[in-house]
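Open the model in your viewer and keep the sequence panel beside it. The stops below follow one another as selections.

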Amino acid sequence: MLKKLLVANRGEIAVRIIRAAQDLGIATVAVYSAADAGSLHVQLADETVNIGPPAAKKSYLNIEALLKAARDTGCDSVHPGYGFLAENAAFSDAVTGAGLVFVGPSGDAIRMMGDKVSARSAAAAAGVPVVPGSAGRVDGLEAGRTVLAETGFPVMIKAAAGGGGRGIRIANSLVEFVQAFPQAEAEALAAFGDGGLYMEKVIGKARHIEVQVLADGSDAIHCYERECSLQRRRQKVWEEAPSRALSDGLREELCASAVALAKAVKYSGAGTVEYLYDDDADRFYFIEMNTRIQVEHPVTEAITGIDLVAEMLRIAGGEKLRIRQGDVSVKGHAIEVRLNAEDPAKEFAPFPGQVAELRIPGGPGVRFDSMLYQGYQVPPFYDSLLAKLIVHAETREAAIMRLIRALNELRIGGLKTTKPLFLALAADPAVRAGDVHTRWLEGWLIENAATLAN
Amino acid sequence: MAQILSPLPGTFYRSVSPDQPPYKADGDAVAAGDVIGLIEVMKSFHEVRAETAGTNIRFLADNEEPIMAGAPLADLD
């Protein structure tokens with residue numbers, strides 16, 4: 001078992017990790033920037049270390065400062081949380097190189113999953129379905145035509161050297177494809193100095209479904225899936241478990257594929273395998289694996305009763321997986337919503353400020369993971385997540401009712417938050433019916449954003 | 001003399017990205033509406049524009065400096 005843990009993060013996830021460690025009798029060291037001296041994670045930890053100025057680059061992303069804090073306080077381990085350095089292979093290597101335990105996978109596993117091409121190859125090799133497309137670069141129009149047999153239409157032509165949505169063309173027919181391919185080549189060459197292209201099937205209406213895995217380096221289990229189809233600008237805002245879109249048979253197949261991948265790469269710790277699920281075709285495709293604990297992990301904890309962060313700490317401490325697959329079962333339905341310091345009526349403009357009033361929801365089936373307290377000054381330097389409200393009930397319908405009840409109990413005075421968004425979504429017929437996909441929310445917001453005043 | 005104040009709390013940047021030159025250098029002339037820097041608030045970026053023209057801008061805030069809303073960013077003659 002680990003003895004003393006450095007929590008290399010801030011905000012609600014630092015609080016979450018400190019709680020899990022203290023539950024296991026592990027001493028905790030919080031790190032903080034000058035802007036976070038009054039933060040809840042600093043108040044709750046056994047020891048604290050100031051690691052630098054507000055800018056994340058000089059504090060929470062400063063590997064040297066973090067390692068020094070761990071050494072100076074006699075820590076034997078480091079938990080990276082999510083964001084910041086959580087999926088930085090060099091950080092995992094540096095922690096291990098300093099003789100400490102990194103609570104997460106090896107640098108090599110992070111590297112393999114962080115690279116799109118190697119992750120896709122690893123998934124395909126483990127028998128996990130990937131989005132149909134070219135195996136690597138497509139050499140010219142003729143080679144492109146042969147890939148069409150696999151992808152069909154519409155097909156996406158992407159610059160291999162591109163990123164962030166640049167250099168992408170979509171062709172709906174062979175005529176369009178023959179025109180678009182050379183154009184995309186020329187464009188890629190002009191924009192990136194590299195005309196290399198690859199091709200991928202366009203999944204029009206897809207759900208985002210992801211599988212939670214736990215692994216100890218040799219064995220792996222899954223803790224079923226989460227659906228996170230309600231997204232804005234590729235950021236999840238509402239997550240739930242289980243997904244009602246899946247049949248039992250497909251659910252087992254999906255979850256087994258995630259376990260196969262975790263085993264194939266000798267994964268260790270908690271991880272999430274993300275998929276697109278195409279309702280019409282009733283098929284799922286691998287997108288990527290996240291090698292960290294995720295923001296939305298509490299919905300899985302709610303339906304399985306497993307403390308994922310505690311299991312991460314046990315595995316990092318050298319224990320084998322304590323939970324067998326047959327012991328993992330789903331009970332009820334859970335929903336998490338992300339309360340951000342943003343004004344949904346004003347294009348989600350960030351809204352840092354002071355928490356003038358705080359009333360936290362409670363009662364059966366309600367969990368509130370947050371770093372808020374009355375009088376807390378929300379700093380402008382980091383992301384806008386203030387709190388996660390998680391509700392759990394027997395059915396999805398009951399969970400939505402409970403979500404509305406808990407949102408009405410919640411009061412965060414002095415700030416604009418995304419609470420009105422979730423009250424409106426919870427009342428929306430499409431959300432109630434679960435009839436959504438990853439681009440649904442952006443369309444809904446065009447119609448409804450103006451009504452979301454705090 | 002006029003002062004350009006930060007409309008938001010956050011981190012002040014003098015250029016659009018680290019590998020680009022600053023929007024304005026000390027001593028530059030500024031037209032009304034010119035972008036003089038960026039404020040990063042909770043990972044979103046907002047342009048700061050000069051409301052009036054001037055012949056000589058002198059920055060008071062450094063690149064990457066944390067600032068409060070209303071803090072002076074530059075003097076403008």
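Start at Gly127(A), which comes just after helix H6 of chain A and has a positive phi of about 85°. The coordinates are those of a predicted model.

Now step back to H6(A) itself, residues 116-125. Colour Ala119(A), Arg120(A), Ala122(A) and Ala123(A), which are buried. Look down the helix axis: these buried residues fall within an arc of 160°, so they line one face of H6(A). An α-helix has 3.6 residues a turn, so residues three or four places apart point the same way. Select Val117(A) and Ala125(A) next; both are exposed, on the other side of H6(A). What do the buried residues of H6(A) pack against? Show helix H5 (107-114), helix H9 (248-264) and strand E13 (283-290) of chain A to see their partners.

Next, select Ile203(A), in the loop between strands E8 (197-201) and E9 (206-216) of chain A. Is Ile203(A) buried or exposed? Ile203(A) has 22 C-beta neighbours inside 10 Å and therefore counts as buried, the threshold being 20 or more. Beyond its neighbours within four places in sequence, the contacts of Ile203(A) are Val131(A), Leu276(A), Asp278(A) and Tyr285(A). For a distance label, pick the C-alpha atoms of Ile203(A) and Pro105(A): they are 31 Å apart, with the two positions 98 residues apart along the chain.

Two cis peptide bonds come next. One joins Phe153(A) to Pro154(A), with omega about -10°. Pro154(A) sits in the loop from helix H7 (140-151) to strand E6 (155-159) of chain A. Another cis bond joins Ala241(A) to Pro242(A), again with omega about -10°. Pro242(A) belongs to the loop between strand E11 (235-241) and H9 of chain A.

Go on to Arg233(A), in the loop between strand E10 (220-232) and E11 of chain A. This residue is not a glycine, yet its phi is positive, about 50°. Most residues other than glycine have a negative phi, and most peptide bonds are trans. Arg233(A) is exposed, because only 8 other C-beta atoms lie within 10 Å and 12 or fewer is the limit for that class.

Zoom out to all of chain A. It contains 15 helices and 22 strands, and its C-alpha trace spans about 65 × 50 × 50 Å along the principal axes. The radius of gyration of chain A is 22 Å, which agrees with the value near 22 Å for a compact globule of 454 residues. Buried residues account for 49% of chain A. To colour by domain, use 4-103 for domain 1, 140-201 for domain 2 and 206-451 for domain 3. The centres of domains 1 and 2 of chain A are 43 Å apart.

Then show the boundary with chain B, where 11 residues of chain A contact nine residues of chain B. On the chain A side there are nine nonpolar residues, one polar and one charged.

Finish in chain B with strand E2 (residues 10-13). E2(B) runs antiparallel to strand E6 (residues 65-67) of chain B, with three bridges between them; Gly10(B) is opposite Ile67(B) there. E2(B) is also joined by three bridges to strand E3 (residues 35-41) of chain B, again antiparallel, and Phe12(B) is the bridge partner of Ile39(B). The last selection is Glu64(B), in the loop between strand E5 (57-59) and E6 of chain B. Glu64(B) has a positive phi near 65° without being a glycine, and with 16 other C-beta atoms within 10 Å it is partly exposed.

Notes
Residues numbered from 1 in each chain as written. Chains lettered and ligands numbered in written order. Predicted model: local features only at pLDDT ≥ 70, side-chain atom pairs only at ≥ 80, totals over all residues. Domains from an automatic or database assignment. Contact = placed C-beta atoms within 7 Å. Nonpolar A, V, L, I, M, F, W, Y, C, P; charged D, E, K, R; others polar. Helix = DSSP H or I, 4+ residues; strand = E, 2+ residues; numbered from the N terminus. Arc of directions from axis to C-beta. Rg over C-alpha atoms; globule rule 2.2 N^0.38 Å. Pairing = 2+ DSSP bridges.
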